[in-house]
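Colleague: Could you walk me through this one? I'd like to learn how to read it.

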Amino acid sequence: MAIEITMPALSPTMEKGTLAKWLKKEGDTVEAGDVLAEIETDKATMEVEAVDEGTIAKILIAEGTDDVPVGQPIAILAEEDEDPANVCVASKAEAAPAPAPAVEAPAAAPAAPIAAAPTLADPAIPAGTQMVSLTVREALRDAMAEEMRKDGDVFVMGEEVAEYQGAYKVTQGLLQEFGADRVIDTPITEHGFAGLGAGAAFSGLKPVIEFMTFNFAMQAIDHIINSAAKTRYMSGGLVQCPIVFRGPNGAASRVGAQHSQNYAAWYAHVPGLKVIAPYDAADCKGLLKAAIRDPNPVVFLENELMYGESFDVPDLDDYVLPIGKARIYREGTDVTIVSYSITVGEALKAADKLAEQGISAEVIDLRTIRPLDIETVIESVKKTNRCVVAEEGWPQCSVASDVSAQLMEKAFDWLDAPVTRVNSVDVPLPYANNLEKAAVVNADKIVEAAKAVCYTE
Amino acid sequence: MTTAKTTKKAAKPTRRRAAKPALYEASNDELIEFYRQMLMIRRFEEKAGQMYGMGLIGGFCHLYIGQEAVAVGVQTALKDGDSVITGYREHGHMIAAGCDPRGVMAELTGRSGGVSRGKGGSMHMFDPARGFYGGHGIVGAQVSLGTGLGFAAKYRKSDNVSIAYFGDGAANQGQVYESFNMARIWNLPVIYIIENNQYAMGTSVARASSEIELYRRGESFRIPGKQVDGMNVLAVRAAMDEAVAHCRAGEGPFILEMKTYRYRGHSMSDPAKYRSKEEVQKMRAEHDSIDQLKQMILDQGIMDEAGLKDIDREIKAAVADAATFATECPEPDLSELYTDVLA
């Protein structure tokens with residue numbers, strides 16, 4: 001029986017890739033361990049090795065093909081006793097059981113659907129601005145590169161930021177443009193290089209410290225809080241610390257409990273820090289540039305799952321956004337959904353689903369967690385009188401808790417229903433696919449909460 | 001950062017250990033100045049202890065009495081643009097760095113005239129105009145921060161050096177070794193001054209350290225280290241001159257272990273039951289840095305008793321003035337509560 005060679009998954013988040021090059025051709029014999037092909041993901045170019053020995057009977061995907069989904073057959077390998085010209089493959093697709101049909105809950109007299117409101121343009125973008133499509137990863141890289149071109153005091157430091165081009169390729173090309181004095185690979189030393197960066201910032205340099213993920217920044221949190229955030233105050237304003245700590249934050253894809261935590265609430269707790277957690281590429285660019293220019297220590301929380309997502313970004317020479325301003329991503333009248341970072345995407349999906357059911361949801365992206373733009377949320381709640389706060393992260397002492405508390409204090413009389421939090425489940429994030437999905441926030445959970453505060457079934 | 005140097009040196013380890021003790025050849029004026037500064041620190045700290053007892057100083061207060069030769073020997077080897085960072089036993093380092101005694105004392109009393117306008121306290125004082133970057137309350141944090149100040153000096157292509165003081169207690173913190181490693185990879189101009197006063201709070205070096213010769217702690221990072229008699233200002237200064245020359249020449253970091261002793265407890269609230277009164281008495285009687293220097297000045301006829309008495313009187317007056325300022329100066333305005341959180 002011939003063997004199907006399928007597109008391999010080469011990283012936890014990879015869904016598709018480019019088949020860059022075949023190193024074997026039809027008719028070649030291969031040994032286990034031979035390199036068959038090169039696959040490009042958005043992060044790296046990887047070699048695919050043969051697991052079995054045999055003869056390449058057929059190449060199914062030509063080299064240069066983009067967006068080949070993980071699991072798709074790319075070649076057929078004839079085994080030793082088979083005729084490569086006449087192979088027979090038991091198609092996995094045929095053998096696989098058909099997916100169970102989704103169980104539709106009987107719609108109980110659904111309200112008339114309404115048209116989903118369009119995404120609002122950021123008011124900070126001048127009308128008529130040309131837009132360019134960039135991934136979040138490119139937008140972040142461009143933000144750093146632009147600031148480094150402008151200011152020689154800005155440098156980037158972290159693990160694998162230089163020669164490896166970034167563990168998640170966010171710093172791609174910076175070493176080549178700015179050289180090894182300004183793009184600096186560190187040893188695996190989070191505590192040490194966070195402190196080193198803070199010390200350099202005391203003297204007026206503007207370090208951008210990349211953590212490979214914020215999960216590893218727990219090794220460094222003493223310097224972020226005790227050294228970076230508090231020194232201006234403790235020195236009566238004599239010593240500044242203009243530093244950015246940035247990197248991916250929150251759950252990625254099946255990397256388990258120690259690599260999947262959201263730290264927004266931890267850092268947002270601390271006076272002396274600014275905390276930014278943007279969703280789309282334009283905000284990533286405009287806010288990272290603002291963070292690098294800010295004279296205060298800034299914690300800039302990215303999301304690995306968003307790095308490859310593309311968005312329109314204003315094609316401006318110097319696109320900088322104000323820190324501390326939330327953005328109404330979509331207008332609505334019945335319920336306000338407040339969120340930030342990757343969960344904004346789920347909130348937008350939820351708003352679409354709610355529109356189908358006749359509920360008009362306003363989606364607010366906080367963008368900055370500290371200082372928190374509660375005024376924008378209050379203004380929205382004055383209109384909708386109902387609010388759901390959605391956040392990927394644990395519920396207790398969360399950003400959602402704080403937004404809820406502030407609404408209770410400052411907008412109590414405007415509320416027609418209790419503010420409801422939609423958080424990740426209160427457990428360390430599990431590995432199993434089904435458990436992980438069950439633990440994190442998704443659009444359906446937001447829809448459920450929004451309907452509950454609207455008192456609709 | 002360039003790593004070429006490290007690669008080249010890898011074949012030939014630079015593992016310097018304690019060389020013969022050298023003494024700085026000070027001029028007569030320098031000897032008098034060292035004496036004046038060391039005495040100033042001692043009298044300042046005695047006054048701080050007294051004021052703590054009177055309830056004028058709150059919180060923790062860690063006195064430098066006994067260790068004066070280290071701060072003075074180190075600081076006098078520096079030039080403009082060099083930086084100093086240290087832990088929470090920093091009053092002496094500040095006085096040596098030329099910070100205003102009034103501002104330091106008023107910070108201890110938490111008044112508006114304090115160097116941090118009353119918002120830092122004994123452990124958190126800064127004076128960047130004099131290259132003094134604190135004053136840090138977390139044991140060992142200043143080692144990474146000081147390495148960053150050294151990084152900045154090199155980034156700016158200056159020949160300035162960064163001094164990172166820490167104690168025998170901090171020498172067991174992990175980030176110290178993370179910093180040593182980076183400082184050597186990138187040959188940063190950092191001089192690590194380990195003030196080994198032999199007790200980390202109440203735990204002696206022997207009980208807490210597998211390698212008690214702390215100057216050797218840099219060996220596996222190929223950082224040269226020297227052990228120095230920290231009770232002799234001339235030994236401290238001579239070692240510093242060597243370390244500073246090494247750093248300014250771009251040769252990378254240097255470790256100086258200063259063998260010293262604190263006469264008082266770890267903080268004002270420490271009864272120091274972990275060591276005998278005799279041990280303290282013996283150090284004071286036989287090794288006191290100020291007594292040694294005074295004797296040398298008298299023996300060499302550089303100044304007579306009367307001249308030294310005059311210095312003593314001047315210092316007492318300056319300390320009294322600082323204490324009066326720190327007592328009479330008002331507390332910070334309540335509006336100060338909200339300032340300096342962000343720029």
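Modeller: Sure, starting with chain A: it splits into domain 1 (3–90), domain 2 (131–314) and domain 3 (327–453), with bounds from an automatic or database domain assignment. Keep in mind that this is a predicted model, where local features need pLDDT of at least 70, side-chain atom pairs count only at pLDDT 80 or more, and totals for chains, interfaces and linings use all residues. Residues are numbered from 1 along each chain as its sequence is written, while chains are lettered from A and ligands numbered from 1 in the order in which they are written.

Colleague: How many residues does the contact take from chain B and from chain A?

Modeller: Two residues are in contact if their C-beta atoms, placed from the backbone, lie within 7 Å. By that rule, chain B gives 33 residues and chain A gives 35. On the chain B side, α6(B) has the largest share, 10 residues.

Colleague: And what helices and strands does chain B have?

Modeller: Helices (H or I, at least four residues) and strands (E, at least two) are DSSP runs, numbered from the N terminus. Chain B has 12 helices and eight strands. Its radius of gyration is 20 Å, close to the 20 Å from the globule rule for 343 residues, so chain B is as compact as a globular protein of that length. That radius is taken over C-alpha atoms, and the rule is 2.2 Å times the number of residues to the power 0.38.

Colleague: What box do the C-alpha atoms of chain B fill?

Modeller: Roughly 60 × 55 × 40 Å, along the principal axes.
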